Amino acid sequence: QDHLQVQRGGNRLRVRPDAREGDAASTRIRLLRTFSGTPLLSLVELTPYTGRTHQLRVQCGKRRLPIVGDATYGDF
């Protein structure tokens, strides 16, 4: 479980994980398969138990498991 804090600025919305503040967000992450190569890719199943803004993207990014193509929360 993480706490996600929404930051608004003009037309933009950004969500960041925060250890103490924000709304609780809970997701089950289950590894289905890994693929060798560079970069190393994994296929995971994400089951959100809460419905927070950008929840899956933020939680995966926080764990250094970015969603392919997500330049906002996962482009490391």
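In this predicted model, the largest nonpolar core is a group of five residues, namely L4, V15, A25, V58 and Y73. Nonpolar side chains do tend to be buried together in soluble globular proteins. Among the core members, Y73 is worth a closer look. Leaving aside residues up to four places away in sequence, Y73 touches L13, R14, V15, H54, R57, V58 and G61. Two of the residues on that list, V15 and V58, also belong to the five-residue core.

As for the overall layout, the chain is built from five strands and one helix, and reading along the sequence gives the pattern β-β-β-β-β-α. The C-alpha trace spans about 40 × 25 × 20 Å along its principal axes. Of the 76 residues in the chain, 20% count as buried. The exposed area comes to about 5,700 Å², with carbon and sulfur atoms supplying 48% of it. Turning to contacts with a sequence separation of 6 or more, 30% of them link residues 24 or more positions apart.

Three of the strands make up an open sheet, ordered β2-β1-β3 and paired in the antiparallel sense. The edges are taken by β2 (12-18) and β3 (23-25), and each has a single partner strand, so one side of each is left without a neighbour in the sheet. From one strand to the next, the twist averages 40°. The pairing of β1 (residues 2-9) with β3 is antiparallel and runs over three bridges. One residue to pick out here is H3, whose bridge partner in β3 is A24.

Then there is the helix, α1, which covers residues 55-62. Its buried residues are Q55, V58, Q59, C60 and G61. An α-helix has 3.6 residues a turn, so residues three or four places apart point the same way. What do the buried residues of α1 pack against? They pack against β1, β2, β3, β4 (27-35) and β5 (41-48). Of the buried helix residues, V58 is a member of the largest nonpolar core, and both V58 and G61 are touched by Y73. After α1 comes R64, which has a positive phi, near 60°.

Put together, the helix and the core meet at V58, which is buried in α1 and sits in the core alongside L4, V15, A25 and Y73. The buried face of the helix residues also reaches the strands of the open sheet, with β1, β2 and β3 among the elements packed against.

Terms used
Residues numbered from 1 in each chain as written. Predicted model: local features only at pLDDT ≥ 70, side-chain atom pairs only at ≥ 80, totals over all residues. Heavy atoms only, no water. Core = buried A, V, L, I, M, F, W, Y, C linked by side-chain atoms within 4.5 Å. Buried < 20%, exposed > 50% of the residue type's maximum accessible area, 1.4 Å probe, protein only. Contact = heavy atoms within 4.5 Å. Pairing = 2+ DSSP bridges. Helix = DSSP H or I, 4+ residues; strand = E, 2+ residues; numbered from the N terminus. Axes fitted to C-alpha atoms, helices over the stretch in contact; angles between N-to-C directions. Areas by Shrake-Rupley, 256 points an atom, 1.4 Å probe, with all protein chains shown as cover.
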